Amino acid sequence: MPDRDTKLLLNQFCCTVLVFSAGSDGVAGFFHRVFDEYARWCDNRLKLPMVRQQMNISPAKVKDAVTNTVTDAVQSAGDSAVSAMIDLSQYPVSDLNYADGRSFADKCRQQYQQTGLCMLPGFIKPDALTALSTEASSFSEKAYFCKSTHNAYLNSGDGNAGNTDVSNRQEQTYVGSVAYDHIPQGSRLKQLYQWDPLKDFIGHVLGKSSFYRFADPFGACSINVFVEGGEHGWHFDESEYTVTLMLQAPEVGGAFEYVPQIRGRADEKEIVGRVLDGDREGVVDLPFSAGTLLIFGGNQTLHRVTRVSGQRPRLVPVLCYAEEPDLVNSESVRKLFWGRSGVASNSATAPG
């Protein structure tokens, strides 16, 4: 470990690099250029070789110390950037090790257990919301659009039942998705998704003892894009839960509607049939509120997104997690939602 003087020296260096390097391309650019700046700084400012000799520190030790200090600075800068996006005074998601944060997370867990969803309106601060929305809009042209029909259970239906049976009735879906690999490293959305405190908070709400970011290069964190005519018909999700961030509302439509926790009830098919017929009994309308984080148990709850109209697209990032490390989507799911495939050989495949 370097002594106090060396730490101060290195911290001053990192601050210098942050000032001159971080602005143009964020934390990622800072990290890649840091050692070039280090060399110039050593030569022109502190004549570090002489300092090394006086302190009896080898070049290898100085390099290790700089690497550790830079890594800490990058992590700290990333944490600060994410913390500035979230209204932590209202939603202390980064403080699970403290009484207030744990109490808040426990209340969210209780809400999720009772209602099937945890909704945090105003989770993203207004200024950060504007920046995130502008950023997501700039990526939306890279969306791959999928138009399909499906039943409410997202399966092939019941061949022994008639066309009017709820298992065979078809719904329409038209939605685009910006794949994770089209979202630049260092972008605000990726910084948010890669922030460990957010992952840990969501895992707590869902009651997961093991919780990991999804490893799929397309589906880890994607952006759903609903343009004119876009909609997502009534369905139950295949996955147990879904985590979304409401960024930009469309001009007309795009409401999230759901019938909570009916999966497995004795009258499940009767309820589904009535909803598909247009009966509004039991349907909850969740208006689009930009900046809201939504944790939703979509496997147990029938839900849809109503048809969108107008020039402004509905933008909703989907943050995906798993209880196992290195989990990815199947090739069929990748082809359906992003028009591409190529599952890594060393990764497990998610069902569906």
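Start with the whole chain on display and its contacts in mind: in this predicted model, residues 24 or more positions apart account for 80% of the contacts that have a separation of 6 or more. Colouring by secondary structure brings up nine helices and 15 strands, and of the 352 residues 47% count as buried. If you switch on a surface, the protein exposes about 17,500 Å², of which carbon and sulfur atoms supply 49%.

**Strand β7 and Val243**

Select residues 242-245, which form strand β7, and pick out Val243 within the strand. Val243 is buried, with a relative accessible area of 0%. Which residues is Val243 in contact with, once its neighbours within four places in sequence are left aside? They are Ile202, Leu293, Leu294, Ile295, Pro317, Val318, Leu319 and Tyr321, and showing them as sticks around Val243 displays the contacts of this position. A distance drawn from the C-alpha atom of Val243 to that of Cys221 should read 9.8 Å, for two residues that are 22 apart along the chain.

**Helix α5**

Next select residues 126-139, the 14 residues of helix α5, which reaches 20 Å from its first C-alpha to its last, close to the 20 Å expected at 1.5 Å a residue. Colour Ala128, Leu129, Leu132, Ser133, Glu135, Ala136 and Phe139, which are the buried residues of α5. Turn the view until you look down the axis of α5, and these buried residues fall within an arc of 165°, so they line one face of the helix. As general background, an α-helix has 3.6 residues a turn, so residues three or four places apart point the same way. On the other side of α5, a second colour can mark Pro126, Asp127, Thr130 and Thr134, which are exposed.

**Helix α9**

Move on to residues 331-338, helix α9, where the buried residues are Val333, Arg334 and Trp338. Seen down the axis of α9, these buried residues fall within an arc of 100°, so they too line one face of their helix. To see what covers them, add strands β2 (144-150), β3 (171-178), β5 (221-226) and β14 (327-328), which are included in that cover. After α9 comes Gly339, whose phi is positive, near 70°.

**Two loop residues with positive phi**

Asp326 lies in the loop between β13 (321-322) and β14, and has a positive phi of about 65° although it is not a glycine. With a relative accessible area of 45%, Asp326 is partly exposed. Then select Gln261, placed in the loop between β8 (256-259) and α8 (268-276), where phi is near 50°, again a positive value in a residue other than glycine. Gln261 is likewise partly exposed, at a relative accessible area of 35%.

**The cysteines Cys108 and Cys118**

Finish by selecting the sulfur atoms of Cys108 and Cys118. How many disulfides does a search of the whole structure find? The search finds zero, and Cys108 is in no disulfide, its nearest cysteine sulfur, that of Cys118, being 3.8 Å away. Why is there no bond from Cys118 to Cys108? Because a disulfide needs the two sulfur atoms within 2.5 Å, the 3.8 Å from the sulfur of Cys118 to that of Cys108 is too far for a bond. Both residues can also be checked for accessibility: Cys108 counts as buried at 4% relative accessibility, and Cys118 is buried with a relative accessible area of 0%.

Methods. Residues are numbered from 1 along each chain as its sequence is written. This is a predicted model: local features need pLDDT of at least 70, side-chain atom pairs count only at pLDDT 80 or more; totals for chains, interfaces and linings use all residues. Side-chain values use heavy atoms; hydrogens and water are left out. Buried means under 20% relative accessible area, exposed over 50%, partly exposed in between (1.4 Å probe, protein chains only). Helices (H or I, at least four residues) and strands (E, at least two) are DSSP runs, numbered from the N terminus. The arc is that of the directions from the helix axis to the C-beta atoms. Contact means heavy atoms within 4.5 Å. The expected span of a helix is 1.5 Å times one less than its number of residues. Accessible areas come from the Shrake-Rupley method with a 1.4 Å probe; for residues, only the protein chains shown count as cover.
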